[in-house]
Amino acid sequence: PTSPEEPPTEPIHDRIREHLAGHGASFFRDIFSAVAGPTDTAVLDALWDLVWSGEITNDTLTPLRLRLLRKAKSRRPPLLTRSGPPEAAGRWSSVQQAGMGTDRSHALALSLLERHGVVTRESVLGENVSGGFAAIYPVLRAMEEAGKIRRGYFVEGLGAAQFALPGAVDRLRAERAPGDEPIVQVLAAADPANPYGATLPWPRSATGPKIQRVAGAYVVLVDGEPALYVERSRKGMITLAAFEQYAPHALPALRRLAENATRRELSIERVDGEPVLSSPVRPLLEQAGFQREYLGLTLRVPGLSHPQARSA
């Protein structure tokens with residue numbers, strides 16, 4: 001976590017900081033003796049104050065699990081044992097702040113490179129990175145000067161400050177020659193692999209609700225062009241710029257959403273904000289396997305039969 005605006009400053013917090021700075025990782029009872037109590041509960045609460053402020057950590061997740069479990073069940077005080085409360089298990093230690101800014105920026109830059117392939121100002125802004133592109137630009141520039149990544153004008157229309165791993169550049173070059181058949185991908189709208197709504201703007205839709213990168217929504221890309229947008233409710237669908245050209249390829253891809261649904265079905269009630277039963281897209285959906293129901297069209301995917309049933 002980033003440094004809090006107002007870290008805890010009570011005397012017990014200062015005594016815990018001094019002990020961990022001088023003795024390193026310590027068990028709860030050692031910390032209790034060093035700070036002179038006053039009670040197990042008070043010391044434990046002070047430790048968690050420092051955890052939430054990003055100053056200390058623990059070498060096990062047991063305290064976190066037990067603390068969340070206790071809060072979920074009741075507000076009773078923690079059980080006390082000879083070695084300390086169960087929520088204080090493991091060793092507590094300070095998070096070393098020296099150099100953490102650079103280390104954190106370097107780790108963030110690597111994660112963005114691996115996630116997006118090509119890191120641009122727009123992709124960083126789409127991730128809501130604290131400090132924006134300026135926070136990681138020095139790290140990206142240093143990595144480029146060290147020969148670890150490449151800088152270039154990889155994506156047309158975006159800024160000149162674009163950075164990529166060598167493998168990502170090679171894959172981009174390999175995609176220049178189109179294949180015999182269009183490549184169809186069904187992605188979560190908020191997936192980093194979907195550049196629209198983050199690195200690239202969504203194509204304008206003449207009708208229908210606003211398109212957003214929200215959890216539960218999906219987008220169908222054909223050769224990288226957005227053709228369909230499925231709303232988070234999975235009841236509505238919006239046709240995009242490439243739909244007219246790629247409809248025969250985009251609509252059959254909706255079967256993947258039905259296959260991964262709990263009931264193995266996908267029901268569409270609206271297309272571009274209008275009832276699907278009166279939509280000009282209805283014949284194309286029926287050709288893709290959708291069938292008429294009371295409120296709309298439904299695509300059902302039969303479940304896989306059990307191996308014993310097939311043998312019988």
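Me: Two strands count as paired if DSSP finds at least two bridges between them, and helices (H or I, at least four residues) and strands (E, at least two) are DSSP runs, numbered from the N terminus. What makes E10 and strand E12 (residues 270-271) a pair?

Reply: This is a predicted model, in which local features need pLDDT of at least 70 and side-chain atom pairs count only at pLDDT 80 or more, while totals for chains, interfaces and linings use all residues. Residues are numbered from 1 along each chain as its sequence is written, and side-chain values use heavy atoms, with hydrogens and water left out. E10 and E12 run parallel and are joined by 2 bridges, and at least two are what the definition requires. Within this pairing, Met237 stands opposite Val271 in E12.

Me: What makes strand E9 (residues 225-230) a partner of E10?

Reply: E9 and E10 pair in the antiparallel sense over 3 bridges, set against a requirement of at least two. Leu228 stands opposite Thr239 in E10, and in the hairpin of these strands, which has 5 residues between them, Arg234 takes a positive phi near 60°.

Me: Which residues show that both faces of strand E10 (residues 236-239) are covered?

Reply: In a regular strand the side chains alternate between the two faces of the sheet. Gly236 and Ile238 lie on one side and Met237 and Thr239 on the other, and all are buried, where buried means under 20% relative accessible area, exposed over 50% and partly exposed in between (1.4 Å probe, protein chains only).

Me: Why is the aromatic pair of Trp48 and Trp52 called tilted?

Reply: The structure holds 7 aromatic pairs. Trp48 and Trp52 form one of them, at 5.3 Å centre to centre and 35° between the planes. Rings of Phe, Tyr and Trp (its six-membered ring) pair if their centres lie within 6.5 Å, and planes under 30 degrees apart count as stacked, over 60 as edge-to-face and the rest as tilted; the angle of 35° therefore makes this pair tilted. Being 4 residues apart in helix H3 (residues 40-52), Trp48 and Trp52 are separated by about one helical turn.

Me: How do you know whether Trp48 and Trp52 are buried or exposed?

Reply: Trp48 has a relative accessible area of 3%, so it counts as buried, whereas Trp52, at 54%, counts as exposed. Trp48, Trp52 and Trp92 form one aromatic cluster.

Me: What makes Arg29 a charge over the ring of Phe32?

Reply: A charge sits over a ring if NZ of Lys or CZ of Arg is within 6 Å of the ring centre and within 35 degrees of the ring normal. Arg29 lies over the face of Phe32, at 5.1 Å from the ring centre, and this distance satisfies the 6 Å limit.
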